[in-house]
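Me: I should like to learn how the features of a structural model are read, one at a time. Could we work through an example together?

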Amino acid sequence: MSELALPQARAGRPSGWWGTALFLATEVTLFGTLFGTFAYLRFKAVHWPPPGIPEPEVLSPVVLTCALALTSVPVQAALVSARAGRARRAVAALVLALVVQSGYLAAQLVLYARDVDRVEPHRTAYGSIVVTMLGVHAAHVAVGILLELWLAVRLAQGLTRYRVVGLASTALYWHVVNALAVLVLLVELSPRL
Amino acid sequence: MTVVDVAGARTRTDRLERIWAHRPGVTGWLTTTDHKRIGLLYLFTTLAFFVAGGVEALLIRTQLAAPNGTVLSPSSYNAVMTMHGVTMIFLFVIPMTTGAFGNYLVPLMIGARDMAFPRMNALSYWLFLASGCFLYAGLFAGSGPNAGWFDYVPLALRQYDPGANIDVYALGLIFNGMSSTAAAINFITTIFKLRAPGMSMNRMPLFCFAILAVSFSLLFALPPLTINCVFLELQRQIGFHFFDVAHGGDPLLWQYLFWIFGHPEVYIIVLPAFGIATSIIPTFAQRRMVAFPLVAIAELLVAFIGFGVFAHHMFATGLSTITLIFFAAASMLVVIPSTIQVFAWLFTVTGGRPDFKAPLLFIGGFIVFFVAGGLSGIMFAAIPFDQALTDTYFVVAHFHFIIFGAAVFPLLGGLYYWFPKVTGRMYHEGWAQASFWVTFVGTALTFFPMHIVGLLGMTRRVYTYGPGLGWSGYNLAETVGAFVLAAGLLLIAANLALSRFRGEPADADPFFGGTLEWTVPSPPPPYNFAVVPLVTSPYPNWDRADREADALRLARGDLVLDEGHETPSSTVRDARLDEILEMPSDSPWPLAVAACVALVFVMLLTRHAVVAGLAAGLTAIALCGWHLQEPEET
C-alpha cells in the first residue's frame with residue numbers, strides 16, 4: 001500500500017510554520033485596520049496633520065526602518081545555518097540581528113516619546129492614530145526580540161527539530177514585521193506626500 | 001489464525017491505552033490536552049453561559065410582557081439586554097460550535113488523534129473561560145456592559161457612560177478574541193495537516209469545510225473588533241480621540257469597524273450549523289449529500305462574501321448612495337451560495353429514504369427558520385425598506401430567526417446526534433421528538449409576532465412601552481412563547497441528563513453515519529483511532545472494504561503508531577502521508593498562561609498599568625516554561 005508508506009523526507013511545511021503563518025495573517029489584518037483608520041480619518045479631515053502640528057520628520061525614521069528591514073538577512077542566515085546543523089553559526093547570526101533590532105527599538109522609543117509630545121494625541125485624532133500605530137508596531141518588534149532571545153538561548157544548548165521549527169516560525173515572523181515596518185513608515189510619512 | 005490476529009490487535013490497543021491514558025482526577029482535567037476532554041469542558045461551560053443568557057432573555061420578555069412593566073429598572077434592563085447579546089454570541093454560540101462541536105468532532109472526522117496544537121487548544125479554553133468570568137464579574141459587580149451588544153459611540157464614551165461598564169465590555173471582548181483566534185489557527189492547521197492518508201480536500205467531511213470557513217472568517221474578522229475596542233479604551237481611559245468630531249474623530253468609525261467584524265460574525269455563527277446539517281442529513285437520508293463539491297464551495301463562499309456586506313447594517317446612517325447600492329447588491333449576492341445549500345439539503349432528503357428521528361427533525365426546523373429568516377433578510381437588502389424598519393422589532397425578529405432558529409436548532413439536533421458517540425448511551429427518542437415540537441412552537445411563537453410589532457412601529461431596546469399602541473397582545477404572545485421555548489430546552493436537557501445514566505447502551509455506530517467518528521467505539525478511546533485509517537471517499541464509514549482493511553492492518557501492526565504519543569501528518573491538498581508527529585501530552589502551562597493573561601486584563605480594568613505590565617512579564621515566563629517541554633527526537 002503505497003499510500004501508507006512514509007516518505008524519506010517531509011514534503012510539506014510543518015504545523016508550526018502553518019500556525020505562525022495564520023497568526024501573521026490575523027496580525028496583518030490588524031495593521032490593515034490601523035492603516036484603514038488612518039486613511040479614513042485623513043479623508044474626513046480638512047487639514048492633515050491638523051493646524052499646529054508639524055509634518056512628520058523623514059530622515060531618522062527612514063534610516064531606522066532600513067536598518068530594521070536589513071535584519072531579515074541575519075535572521076534568514078540563522079535559519080539556513082540551523083537547518084544545516086550549525087548551531088553556533090545560527091546563534092551568532094541571531095545575536096547580530098538582536099543587536100540591530102534592540103538598537104532600533106531603543107531609538108524608536110526615544111523618537112516615540114518625542115512624537116507623543118509633538119503630535120498631541122490628547123488633542124487630535126491624527127495624533128491618536130499615529131501614536132497607536134507606532135505603539136502597536138513597537139510592541140511587535142519587542143515580541144520578536146523576546147522570541148529571538150529565547151531561541152538564541154535554546155539553540156546555544158543544542159539543535160533539535162522543535163527548535164528549528166521555532167526558528168523557521170520566528171524568521172517568518174520577522175520578515176512580516178519588517179515588511180509591516182516599511183508600510184508603517186509609508187503611512188507615517190504620507191502627510192508629506 | 002483469527003485468534004492470533006485478535007490477540008495482536010488487543011496487545012496494540014492495550015499499549016495505546018497506556019500511552020494515551022489521562023491523568024486521574026481534577027488534575028487530569030486541569031492539565032488535559034485531549035481534544036475530546038477540552039470539547040467537553042467547552043460544552044459544559046458554554047451551556048452554563050447559555051443558561052445565563054437564557055435567564056436574561058426571560059427577564060427581558062417578562063419585563064415586556066405587558067405595558068409599563070416594572071420587573072427591571074431602565075438601567076438594569078440595559079445591562080441585561082446587553083449581556084444577553086454578548087453572552088449568546090461570544091460566550092455561547094461561537095465557543096459552542098467551534099470549541100465544543102469543532103474540538104470534539106474535527107479530529108475524529110479527519111482521522112487524527114488530536115488537534116495540531118493540543119496545548120494551545122487547552123489555552124483557548126482557559127482564555128475563553130476566564131474572559132466569560134471577566135464579563136460576568138463585571139455584571140455582578142454592578143458594572144455590566146450596558147450600551148447594547150454593538151456598543152455604539154458616542155453613548156459608549158466616558159461622558160455618557162462614566163462607570164466601568166464599557167471598559168468591561170471592551171477589555172472582555174479583546175480577551176475573548178484571543179481565545180477565538182487561537183482556536184481558529186488550531187482548526188485550520190489541524191484540517192490542513194492532520195487529515196488521515198487519502199483524505200484529500202475533496203473527500204473531507206462538509207462539517208470540516210464549515211469549520212474551516214468559520215476559522216478563516218474569525219482570523220480576518222476579529223482584528224477590526226479588537227482594534228475598535230483598543231481605540232475605545234484609549235479614548236475612554238487616557239483621553240485619545242477616535243470617535244468625537246470636535247477633535248477630528250468620527251462616531252461612524254466605530255460602526256464601520258464594528259460591522260466589518262459584525263457581519264462576518266453572523267456567518268461565523270451560522271456556518272457550523274450548516275456543517276451540522278450536512279452531517280445529520282446524509283445519515284438519516286442514507287445517501288451522500290447531493291452536489292457535495294458545490295456545497296463545500298458554497299460554505300467557503302458564504303464566509304468570503306460575508307466580508308462584503310457589512311454596511312447593510314448602516315443603511316440609515318447617511319452613507320452615499322453609491323455605497324448603499326454596492327452593499328445592497330452584495331447582500332443579495334450572498335443569497336446564491338446560501339440557496340445552493342438549501343436546495344442541496346432538501347434534495348438529499350427527498351432523494352434518500354429519510355428517517356425523521358429527532359436530529360433530522362431539528363434540521364427540518366432549522367431549514368424552515370433559515371428560509372423564513374433569509375427571506376426577511378433579503379427584504380433588508382432593499383434600501384428603502386431597511387431605512388423604514390431599521391431599529392424596529394422587525395430586525396429583532398429577522399436575526400433571531402437566523403441566530404436562534406437557524407444557528408441553534410442544528411446545535412440541538414447535533415447534541416442528540418452525537419450524544420451516543422460521546423456517552424456510549426442512547427437518548428430517549430420519543431421525548432426527543434416531543435422536545436423538538438415544543439422548542440419549534442416556542443421559537444415560532446416568540447419570534448414571529450416580533451415581525452408584526454416591528455411593522456407596527458415598536459422600536460428595539462425600549463425597556464417598556466405604553467398601553468393602547470396595539471402592541472400588548474403580540475408582546476404577551478412573545479413572552480408566552482419564550483417560556484414554551486425554555487420548557488422545550490429543559491426537556492432536551494432532562495432527556496440528555498437522564499439518558500447519560502439510564503439510556504440504552506449505544507454501539508459504535510447507532511445511526512449508520514458516513515464519517516470517520518462512527519468507526520471508533522462510543523465513547524472514543526483517548527487515542528481515537530487504534531490504527532490510522534486510509535480514506536478513499538467522503539463517507540469512509542460506508543466503505544466497508546476499507547474499514548476491514550484497517551482492522552487487518554491493526555492486527556498486523558501496520559501504521560498503528562503505538563511507540564509513543566503519535567499521530568500522522570499529511571500533505572495539505574492531497575493528504576499524502578508525510579511524517580509521524582510526536583504530540584505533547586498533559587501540561588499545566590496553558591492554565592498558567594491563561595491565569596497570567598487574566599491578571600493582565602483585570603489590572604488594565606482597574607487601571608494598574610504597572611502591575612498589568614508585570615503580569616505580561618509573567619505570561620512570557622510561563623510561555624518559556626511551556627516551550628521547555630519538547631517532543632522526543634526519534
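The dialogue below goes from a chain to an interface, then to helices, a hairpin and a single residue.

Reply: Please keep in mind throughout that this is a predicted model.

Me: Let us begin with chain A. How many helices and strands does its secondary structure come to?

Reply: One starts with a count of elements and their order. Chain A comes to 6 helices and 0 strands, and its pattern along the sequence reads α-α-α-α-α-α. Its C-alpha atoms fill a box of roughly 70 × 40 × 25 Å along the principal axes.

Me: What share of the residues of chain A counts as buried, and what share of its contacts joins residues 24 or more positions apart?

Reply: Of its 193 residues, 38% count as buried. Among contacts in chain A with a separation of 6 or more, 79% are between residues 24 or more positions apart.

Me: How is the size of an interface expressed?

Reply: It is often given as the accessible area lost when the parts come together. Here the description rests on residues in contact: 43 residues of chain B touch 37 residues of chain A. On the chain B side, the elements that give two or more residues are α6 (165-193), α7 (206-238), α8 (251-285), β2 (577-582) and α20 (609-628). The most comes from α7(B), with 8 residues. By character, that side of chain B divides into 25 nonpolar, 11 polar and 7 charged residues.

Me: Next, the helices. How does the span of α11(B) stand against the expected value?

Reply: The distance between the end C-alpha atoms is set against a rise of 1.5 Å a residue. With 17 residues, α11(B) reaches 23 Å from its first C-alpha to its last, close to the expected 24 Å. For α18(B), residues 544-556, the 13 residues should span 18 Å, and the end C-alpha atoms are 18 Å apart, so the two values agree.

Me: Which residues of these two helices are buried?

Reply: In α11(B), they are B:P337, B:S338, B:Q341, B:A344, B:W345, B:T348 and B:V349. Seen down the helix axis, the buried residues fall within an arc of 125 degrees, and therefore line one face of α11(B). On the other side, B:I336, B:T350 and B:G351 are exposed. The buried residues of α11(B) pack against α8, α9 (292-305) and α12 (358-380) of chain B. In α18(B), the buried residues are B:D550, B:R553, B:L554 and B:A555.

Me: What follows α18(B)?

Reply: The next residue to inspect is B:G557, which follows α18(B) and has a positive phi near 85 degrees.

Me: In what sense do β1(B) and β2(B) pair?

Reply: Strand β1(B), residues 566-570, and β2(B) pair in the antiparallel sense over 5 bridges. B:T567 stands opposite B:L581, which belongs to β2(B). The hairpin has 6 residues between its strands, and in it B:A575 takes a positive phi near 55 degrees.

Me: Finally, why does B:T348 count as buried?

Reply: One counts C-beta neighbours, with 20 or more inside 10 Å as the cut-off. B:T348 has 23 such neighbours, and therefore counts as buried. Its place is in α11(B), residues 335-351.

Me: Which residues is B:T348 in contact with, leaving aside neighbours within four places in sequence?

Reply: They are B:I281, B:P282, B:A285, B:R287, B:M289 and B:V290. As a further distance, the C-alpha atoms of B:T348 and B:G99 are separated by 28 Å, with their positions 249 residues apart along the chain.

Note on methods
Residues numbered from 1 in each chain as written. Chains lettered and ligands numbered in written order. Predicted model: local features only at pLDDT ≥ 70, side-chain atom pairs only at ≥ 80, totals over all residues. Contact = placed C-beta atoms within 7 Å. Helix = DSSP H or I, 4+ residues; strand = E, 2+ residues; numbered from the N terminus. Nonpolar A, V, L, I, M, F, W, Y, C, P; charged D, E, K, R; others polar. Buried ≥ 20, exposed ≤ 12 C-beta atoms within 10 Å, placed from the backbone. Expected span 1.5 Å × (residues − 1). Arc of directions from axis to C-beta. Pairing = 2+ DSSP bridges.
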